[in-house]
Structure formats: structure tokens, C-alpha cells
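Dear colleague,

I am passing a structure on to you, and you will find the sequence and the coordinates just below. After them I have written out what I found, so that you can follow along in the viewer.

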Amino acid sequence: MKPFRTNIRDVPAEKNLRRDEGWVDMHVQFLIDERTAGSQQLVVGRTVLPPGARHERHSHPHADEFLVVMSGRGIIYTDTGEEPSVSGDVIFTPAGHIHGFNNTSDEEVLLIWGWSGAGSLDAAGYALPSEPR
């Protein structure tokens, strides 16, 4: 496999992320993944959440996830509930555990995130909790 390089300006936002599956008013870019870079064990992404946008509680059964809050603030979802989150927070969620983010502020939130152990959303898996909170 050859090295891969791209620029955020050149990566289109995902268009097939559905609100009824928990992707609420988010702008998501898959920067490095199997489709673009041939990566089978790593995905790196960028998400912008305008005020009121959120990624509902969900899990990835086959991939660990990291999340870096680059700017803004809001609420992160965890297995045990909700916690405040601010710029500079670095969050690790092991495979199968609940997570998500809600921009409860009046400013845009910028997240850089990634999955280890999968090269695509299909490979990572995407599961919504069986019982809504």
C-alpha cells in the first residue's frame, strides 16, 4: 500500500447519513478510510456540529473510537449517561460501548475522530441502543 495524503478542503461531506439513524444536522468527512486510502484498520474523520446538531447515542461493535474536541463545547454520551465536554478533551471509547456528542452551545463544534480495527463504517458496525434514554 502506498502512503496517502489529502486535504480537508478536498474531501466532500458524507451525504448518506440519516437523521433517523442518529446523524442530526452534522457535517461528517471520512478523511482516511478503506475507500479513499485503502486502510483496513484505521478510519480518521472530521465532524462539524452547528449549534443544536448531535450524534445520538450509538456504538461500534467492531472498532475502538477516539474523539478530540478541537473547538467548542457540548455534552458527550457514555454508557452511564451524559458528561460536559469542552475544547481540548480527548475521549477513548472501546468497541461496543455507547458514545455520542450533542452540541448544546451556541457555537460550532469541531471534532477530529477515528476508529481502530476497521476501515469503514460497515466494518466498524453501527448500533443504536435498544432502549432510548
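The lining of the second largest pocket is made up of four nonpolar, three polar and six charged residues. The space in this pocket comes to about 210 Å³, and of the 13 residues that line it, those closest to its centre are Glu 14, Phe 30, Arg 35, Leu 121 and Asp 122. Two helices take part here, since helix H1 (34-37) and helix H2 (121-124) each supply at least two residues of the lining. Please keep in mind, for this and for everything that follows, that the model is a predicted one.

Arg 35 also appears among the salt bridges, which come to seven by the rule that was applied. Arg 35 pairs with Asp 33, and the closest N and O atoms of the two are 3.5 Å apart. The two partners sit in opposite surroundings, because Asp 33 has a relative accessible area of 5% and is therefore buried, whereas Arg 35, at 58% relative accessibility, counts as exposed.

Another salt bridge joins the side chains of Asp 25 and Arg 19, with 3.1 Å from N to O. Here Asp 25 is partly exposed, with a relative accessible area of 45%, while Arg 19 counts as exposed at 52%; the cut-off for exposed is over 50%. Arg 54 and Glu 56 form a salt bridge as well, in which the closest N and O atoms are 2.5 Å apart. Both of these residues count as partly exposed, Arg 54 at 24% relative accessibility and Glu 56 at 23%. As for how salt bridges link up, those that share partners join Glu 14, Asp 33 and Arg 35 into one network, and of these residues Glu 14 and Arg 35 were named above among the closest to the centre of the second largest pocket.

The largest pocket holds about 260 Å³ of space. It is lined by 24 residues, of which His 55, His 58, Glu 65, Leu 67 and His 99 are the closest to its centre. This lining divides into 14 nonpolar, eight polar and two charged residues. Strands contribute to it from several places, as E3, E4, E5, strand E6 (73-78), E8, E9 and E10 each supply at least two of the lining residues.

Those strands belong to the sheets, to which I now turn. One open sheet has five strands in the order E1-E4-E9-E6-E7, and the pairing in it is antiparallel. Strand E1 (23-24) and strand E7 (81-86) stand at its edges with a single partner strand each, so one side of each has no neighbour in the sheet. Within this sheet, strand E4 (residues 54-58) pairs with strand E9 (residues 99-102) in the antiparallel sense, over three bridges. Arg 54, already met in a salt bridge with Glu 56, stands opposite Asn 102 in E9.

A further open sheet, likewise described as antiparallel, is formed by five strands in the order E2-E3-E10-E5-E8. Its edges are taken by strand E2 (27-32) and strand E8 (90-93), each of which has a single partner strand, so that one side of each is left without a neighbour in the sheet. From one strand to the next, the twist in this sheet averages 20°.

Which strands does E3 pair with in the antiparallel sense? On one side E3 is joined to E2 by five bridges, and Val 44 in E3 is the bridge partner of Ile 32. E3 also pairs with E10, over eight bridges, where Leu 49 has Val 109 in E10 as its bridge partner. Strand E3 (residues 42-49) is mostly covered, with six of its eight residues buried.

E10 has a further partner in E5, for seven bridges join strand E5 (residues 64-71) to strand E10 (residues 109-116), and the two run antiparallel. In this pair Asp 64 stands opposite Ser 116 in E10.

With best wishes

Key
Residues numbered from 1 in each chain as written. Predicted model: local features only at pLDDT ≥ 70, side-chain atom pairs only at ≥ 80, totals over all residues. Heavy atoms only, no water. Pairing = 2+ DSSP bridges. Helix = DSSP H or I, 4+ residues; strand = E, 2+ residues; numbered from the N terminus. Axes fitted to C-alpha atoms, helices over the stretch in contact; angles between N-to-C directions. Buried < 20%, exposed > 50% of the residue type's maximum accessible area, 1.4 Å probe, protein only. 1 Å grid on protein atoms, 1.4 Å probe; cavity = no way out; pocket = protein on both sides within 12 Å on 5 of 7 lines; lining within 4 Å. Points joined across faces, edges and corners; volume = space filled by probe spheres on them. Nonpolar A, V, L, I, M, F, W, Y, C, P; charged D, E, K, R; others polar. Salt bridge = Lys/Arg side-chain N within 4 Å of Asp/Glu carboxyl O.
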